[in-house]
Amino acid sequence: MRAPRFSFPQLLLVAFVLIGALLGAAAVRALFTLDTLMAQSRESAAQAIALTTAAQSLSERSLNMERAARQSLVLRDNQLRLRFEETAANAADILASLESNELPPEQASAWRNQLASIAGLLEGTPETALDRERDVTLAFRDLDVHSGAIAQTVQNIIGNRNDALQARFASSRQQLTRQVLGSIGVAVVMALGFGIWLARPFKRLEKAIKGLGENRLDVPIDIAGPSDVRRVSQQLEWLRLRLTELDADKARFLRHISHELKTPLASLHEGVAVLGDGVAGPLNPSQAEVVNILQHNTQMLQGQIEALLRFNAAAFEARQLRRERTDLRELLEEQVDVQRLHWQSHALTVRIEGPSLVLQVDREKMASAVGNLLSNAIRHSPRGGHIRLTLSDQAGLACIDIVDQGPGVAEADRDRIFEPFFRGERQPEDAVRGTGIGLSIVHEYIVAHGGRVFLLPDSASAHFRIELPHVQ
């Protein structure tokens, strides 16, 4: 598969840039929206001032027109009449501007009609001037009423515009809130997505390294991801192949050295046997004792060579797991039944406790591991003692506890009991000396399953525990 062109730091930078761009876009949009609202607010305030000023000016123009109209009637002055007409024209312009700013047409028409009737009262003979002056006064009172109504309408218009602006503010605020929260949510999802996507190759690397540490060398390492992760994957694959070669070389060396040792050892064993049988002549007591020592040591050496081959074969087979659904309680019962004659000959009581637990394990290798621990417990238990096998589920781990009533393991030996060919200090007096590979094979098989086997420190007797992951 073609490796990605980008490295992990570059992809991480791209992720930060995308998330920053998203949040920056939301911030910029919020800024533009805020500027727009501020501009609308300033415009609305300016319009409100202009409308209020126009309404006040209309009332002031009404007073000026009333003064000029009455004086023109009393004094019969054309200049005052012209002042009235100019003021009336100015007031009409103000009214037109108010009408263009949502003033109802009927109010403007009523004001204009009232002004027209006032202008009509100014026409007439001098004899009727005083009467018309009183009528003009009354007409201007009506005009003031219309001006007051217009002023009130203008205030209502300003209030409605303020309410509309507040509504736009509230709507924009809600929209901005949704956008910001949405952007934050999308940024969080993107961050989680990028985090999971970028962390996945490292989890695979961790799994591959763990597999190498557990000596699982049969699975090729091919991890897709950024270019630098890809390079690490290739280096781990090279390491896996190198470890496989070294493992094969070790196995080949052990086979060759064992073969080379067994041939002269067999000749030596036969020669000592010939001497012991007196074929070369009768032996005196001292010579017979030396021959017995040679026979014993050659037998021990042959046993150690065979144990070395068995351990090497077990270490190799530990990597070849054939997993199947296995009921661990049934497996314990089978191993207890297989060794029934052994523990009954020591007058022992063996008890199994705990529920059935089903795991995907290599049944044969797990049976060998449990069998070795049970055989070890039988070997070290006092006659008439008890052996307890307990099966439990603790925090997602299948736990198998094997407890005997023997002397336990010496404190100095606890850290080395799983080393190949190590024999502890406390050995049964009447038992055949072991090879020291039983617990090592147990350790190899359990580690190959991704679990662990250890000796609990808080027990006077031997208390071994097997922990296996992924209880189903």
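**Reading the helices of a predicted model**

Colleague: Which span should the 17 residues of helix α3 have at 1.5 Å a residue, and how far apart are its end C-alpha atoms?

Modeller: This is a predicted model, and here is a check you can do on it. The expected span of a helix is 1.5 Å times one less than its number of residues. For α3, residues 105–121, that gives 24 Å, and the end C-alpha atoms are 24 Å apart, so the two values agree.

Colleague: Thanks! Which residues of α3 are buried?

Modeller: Buried means under 20% relative accessible area. In α3 that holds for Gln 107, Ala 108, Trp 111, Gln 114, Leu 115 and Ile 118. Looking down the helix axis, you find these buried residues within an arc of 130°, so they line one face of α3. Glu 106 and Asn 113, on the other side, are exposed.

Colleague: Now to the surface. Which residues form the nonpolar patch?

Modeller: Leu 23, Val 180, Leu 181, Ile 184, Val 188, Leu 192 and Ile 196 form it, with about 620 Å² of accessible area together. Helix α4, residues 129–213, gives the most, with six residues.

Colleague: Is Ile 184 buried, partly exposed or exposed?

Modeller: Ile 184 sits in helix α4. Partly exposed lies between the 20% and 50% cut-offs, so Ile 184, at 42% relative accessibility, counts as partly exposed.

Colleague: What does the UniProt annotation say about residues 180–199?

Modeller: The unreviewed UniProt entry annotates them as a "transmembrane region". In the model, this stretch is 100% helix and 0% strand, with its end C-alpha atoms 28 Å apart.

Terms used: Residues are numbered from 1 along each chain as its sequence is written. This is a predicted model: local features need pLDDT of at least 70, side-chain atom pairs count only at pLDDT 80 or more; totals for chains, interfaces and linings use all residues. Side-chain values use heavy atoms; hydrogens and water are left out. UniProt positions are given in the numbering used here, feature names are shortened, and annotations may be inferred rather than shown by experiment. Helices (H or I, at least four residues) and strands (E, at least two) are DSSP runs, numbered from the N terminus. Patches are made of residues with over 30% relative accessible area and no salt bridge: like charges are joined within 9 Å, nonpolar side chains (Val, Leu, Ile, Met, Phe, Trp, Tyr) within 5 Å. Accessible areas come from the Shrake-Rupley method with a 1.4 Å probe; for residues, only the protein chains shown count as cover. A salt bridge is a side-chain nitrogen of Lys or Arg within 4 Å of a carboxyl oxygen of Asp or Glu. Buried means under 20% relative accessible area, exposed over 50%, partly exposed in between (1.4 Å probe, protein chains only). The arc is that of the directions from the helix axis to the C-beta atoms.
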